[in-house]
Amino acid sequence: MSISKPTLASPLYEFDLGYQVTYVNYSRANELVDAQLILTMERGHERKTFVFSQPQFNDVDRNLVSSHGVYIATIKSSPLAPNRIEVGDVDGGFAYFTARSVRNITPTA
């Protein structure tokens, strides 16, 4: 039996070095629901905000603030496994975290 690395199923969003992570926050309404991580990136007057759901996030805020470009993609660990969301560094190619779901909550003008 071999353990295989999850493969990127589909890139959803990609933000180059021009975008800066300006806001990262965690919230959890109660013990019965997954935690949420809110991530906002800005470039000039352009802003993108996403909410990720996951039971637990471990110290990803410091890494995100110093990122060199961020990608958000779906991944599959096996053909029968559900899609997961991976957030990683565009230049370094490493993942900051995985989550169950993502929602783009960018306010429209």
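pLDDT is the predictor's confidence in each residue, on a scale from 0 to 100. The model shown here is predicted, and the mean pLDDT of the protein chain is 85, with 91% of the residues reaching 70 or more. Confidence varies along the chain: the mean is lowest in strand S1, at 81, and highest in strand S8, at 95.

The protein chain contains 1 helix and 8 strands. Their order along the sequence is β-β-β-β-α-β-β-β-β. The C-alpha trace spans about 50 × 35 × 25 Å along its principal axes. For 109 residues, a compact globule would have a radius of gyration near 13 Å, and the value for this chain, 14 Å, agrees with that. Of the contacts between residues at least 6 apart in sequence, 48% join residues at least 24 apart. Buried residues account for 32% of the 109 residues. The chain exposes about 7100 Å², and carbon and sulfur atoms supply 52% of that area.

The charged side chains come next. Side chains of opposite charge can pair when their charged atoms come close. A search of the whole structure gives 4 salt bridges. One of them joins Asp-16 and Arg-43, with an N to O distance of 3.9 Å; the cut-off for a salt bridge is 4 Å. Asp-16 sits in the loop between strand S1 (7-15) and strand S2 (20-27), whereas Arg-43 belongs to strand S3 (residues 35-43), so this pair ties together parts that are 27 residues apart in sequence. Both partners are partly exposed: Asp-16 has a relative accessible area of 43%, and Arg-43 has 36%. The pair does not stand alone, as Asp-16, Arg-43 and Glu-46 are linked in a network of salt bridges.

A second pair is formed by Arg-100 and Asp-34, whose closest N and O atoms are 2.8 Å apart. This salt bridge links distant parts of the chain, 66 residues apart: Arg-100 lies in the loop between strand S7 (95-99) and strand S8 (101-104), and Asp-34 in the loop between S2 and S3. Arg-100 is partly exposed at 48% relative accessible area. Asp-34 is also partly exposed, at 25%; the class begins where buried ends, and buried means under 20%.

Glu-42 and Arg-47 form a further salt bridge, with 3.4 Å between the closest N and O atoms. Glu-42 counts as partly exposed, with 23% relative accessibility, and Arg-47 is partly exposed as well, with a relative accessible area of 46%.

From these pairs the path leads to Leu-17, which lies in the loop between S1 and S2. At 53% relative accessibility, Leu-17 counts as exposed, because the class starts over 50%. Leaving aside neighbours within four places in sequence, Leu-17 is in contact with Ser-67, His-68 and Gly-69. Another part of the chain is brought in by Asp-91: the C-alpha atoms of Leu-17 and Asp-91 are separated by 8.9 Å, although the two residues are 74 residues apart along the chain.

Ser-67, one of the contacts of Leu-17, is found in the loop between helix H1 (61-65) and strand S5 (70-76). Its relative accessible area is 13%, and Ser-67 is therefore buried, the limit being under 20%. A polar atom of the Ser-67 side chain lies 2.9 Å from the backbone oxygen of Leu-64. Not counting residues up to four places away in sequence, Ser-67 touches Leu-17, Val-21, Asp-89 and Tyr-96.

The last site is Thr-49, in strand S4 (residues 46-54). Is Thr-49 buried or exposed? Thr-49 is buried, with a relative accessible area of 8%. The side chains of Thr-49 and Thr-40 are joined by a polar contact of 3.0 Å. Beyond residues up to four places away in sequence, Thr-49 touches Ile-38, Leu-39 and Thr-40, together with Arg-103, Asn-104, Ile-105 and Thr-106.

Methods
Residues are numbered from 1 along each chain as its sequence is written. This is a predicted model: local features need pLDDT of at least 70, side-chain atom pairs count only at pLDDT 80 or more; totals for chains, interfaces and linings use all residues. Side-chain values use heavy atoms; hydrogens and water are left out. A salt bridge is a side-chain nitrogen of Lys or Arg within 4 Å of a carboxyl oxygen of Asp or Glu. Helices (H or I, at least four residues) and strands (E, at least two) are DSSP runs, numbered from the N terminus. Buried means under 20% relative accessible area, exposed over 50%, partly exposed in between (1.4 Å probe, protein chains only). A polar contact is a pair of N or O atoms within 3.5 Å; within protein, one must be able to donate a hydrogen and the other to accept it, and residues adjacent in sequence count only if both atoms are side-chain atoms. Contact means heavy atoms within 4.5 Å. The radius of gyration is taken over C-alpha atoms; the globule rule is 2.2 Å times the number of residues to the power 0.38. Accessible areas come from the Shrake-Rupley method with a 1.4 Å probe; for residues, only the protein chains shown count as cover.
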